[in-house]
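These are my notebook entries on one strand and on the metal site it takes part in. I went through the pairing, the burial and the donors in turn.

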Amino acid sequence: MPTNRIIAHVDMDSFFVSCERLVDPSLTGKPVVVGGRRGERGVVASASYESRKFGVKSGMPIMTAEKLCPKAIFIPGNHRLYSKYSRKVYALLRRVAPVVEYASIDEFYLDFTGCEDLYGHDLEVMAKKVQESIFKRTKLTCSVAIATNKYVAKIAGKTVKPSSGSKTGIVVVPAGEEQSFLANLPIERLHGAGEKTQPRLKEMRIIRIGDIVPMPLVKLQKAFGPSAGSWLYEAARGMGSDEVHPFHYAKSIGHETTFEKDTDNPEQIHQTLAWLSEKGCYRLRRIGKRARTVTLKLRYDDFQTITRAKTIPETNDDVAVMKTAYELFQESHVRKRKIRLLGVSLSKFEAGEEVEWLFPEMSSKKKDALYQSVDAIKRRYGFHKLEKAASLDPKEADREGKGGASSFQKPKIK
Ligand SMILES: [Mg+2]
């Protein structure tokens with residue numbers, strides 16, 4: 001039997017709002033919504049617990065948040081500030097635990113396996129230590145959840161947020177109790193079961209995570225498909241990865257933008273897709289990766305959202321990605337409605353060694369060299385200086401995207 005690992009999930013409490021409050025303490029105790037100014041079309045990136053009481057949630061349009069909580073203070077967001085604090089927390093955690101994974105701007109996984117002696121084999125003491133040192137350094141609060149794998153730790157963390165009435169923000173799920181810990185949690189807590197799966201689970205009268213456990217694997221696979229079915233089977237049993245990656249490996253790179261005005265202008269759509277593809281490829285090349293999957297996200301003016309993906313030979317070539325994104329768009333855009341949002345993301349990364357170019361007119365070596373010099377110029381002068389004609393003047397389409405939640409990227413941490 002392999003020994004159980006000790007994995008901690010650290011999740012900052014309403015991170016963006018908390019950072020804003022450090023800068024402007026008068027915001028403390030008030031309902032605060034980060035993501036856009038009053039009357040803007042962005043989405044909520046972070047909401048303080050005071051505004052969540054009124055039903056405000058991340059991801060909802062700013063205008064809806066305004067209706068739910070008219071007294072809220074609306075802040076556009078300051079990504080540089082959040083990155084600064086995120087880096088501070090990350091740097092500190094790297095001194096606290098032997099292995100730290102940067103999971104997102106406000107979430108980290110720590111592997112404490114082998115450190116038990118340091119904390120007198122008391123995992124709660126360990127968690128408290130982490131919390132205290134973060135608070136001492138940044139004055140920010142967080143939840144710390146300890147379990148034998150990342151998945152259970154992540155779900156457990158959500159149960160000790162200030163909004164759930166937890167006083168400590170600390171939870172420990174002992175080895176062997178993963179399944180029973182999850183069993184009583186409402187099915188909404190099953191992280192990873194999204195927009196499609198949740199309603200289907202409800203239809204099947206699954207209310208708590210534990211309700212999945214008695215269901216045979218074949219039945220789950222029949223209802224949800226082979227891979228989602230087996231994922232549900234394992235997730236409900238509290239199985240998950242215990243590999244904490246010491247560096248931040250992005251799993252996907254993507255950009256999306258909300259149009260200032262809903263549009264059906266083919267030229268604007270084409271330019272936006274080209275620009276989103278270029279942005280993604282630029283970032284891919286910076287981390288020396290190529291992607292195999294291109295995903296398009298399309299949201300209509302009535303909020304119906306379609307995502308569609310395609311696998312292509314691995315690439316970080318603007319033209320190849322742009323072409324795929326446009327094909328995906330043509331396949332997905334079947335309604336006669338205006339479009340509110342477009343997004344292009346790249347995933348299934350492979351290290352950039354061998355390349356199969358979709359456009360073989362130039363050798364890949366030559367193309368790499370070309371991109372290296374193009375990217376050097378982009379880095380020097382900012383992104384907009386050098387772009388293909390097809391994506392000229394994307395600012396028109398992106399004005400809101402810049403301030404909105406969609407432009408909150410993870411900071412690069414070396
Ligand atoms: Mg958080």
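**Strand S1 and its metal site**

I began with the pairing and found that S1 and strand S7 (residues 142–147) run antiparallel to each other, joined over six bridges. The model I consulted is a predicted one. As a point of register on this side, I noted Met12 opposite Cys142 in S7.

I then looked up strand S6 (residues 107–111), which also pairs with S1 in the antiparallel sense, over five bridges. Here I recorded Ala8 opposite Leu110 in S6.

Next I asked how many residues of S1 (residues 7–12) are buried. The count is six of six, and I entered the strand as mostly covered. I checked the two faces separately: Ile7, His9 and Asp11 are buried on one side, and Ala8, Val10 and Met12 are buried on the other.

I turned to the magnesium ion and asked which residues supply its protein donors. They are Asp11 (OD), Met12 (O) and Asp106 (OD), at 2.2 to 2.4 Å from the ion. I wrote their sequence spacing as D-M-x93-D. Asp11 belongs to strand S1, whereas Asp106 sits in the loop between strand S5 (99–104) and S6, so the pair ties together parts that are 95 residues apart in sequence.

Last, I looked up the accessibility of the two aspartates, with buried taken as under 20% relative accessible area. Asp11 has 3% relative accessibility and therefore counts as buried. Asp106, with a relative accessible area of 16%, is buried as well.

Key. Residues numbered from 1 in each chain as written. Predicted model: local features only at pLDDT ≥ 70, side-chain atom pairs only at ≥ 80, totals over all residues. Heavy atoms only, no water. Buried < 20%, exposed > 50% of the residue type's maximum accessible area, 1.4 Å probe, protein only. Helix = DSSP H or I, 4+ residues; strand = E, 2+ residues; numbered from the N terminus. Pairing = 2+ DSSP bridges. Donors = N, O, S within 2.8 Å, 3.2 Å for Na, K, Ca; no water.
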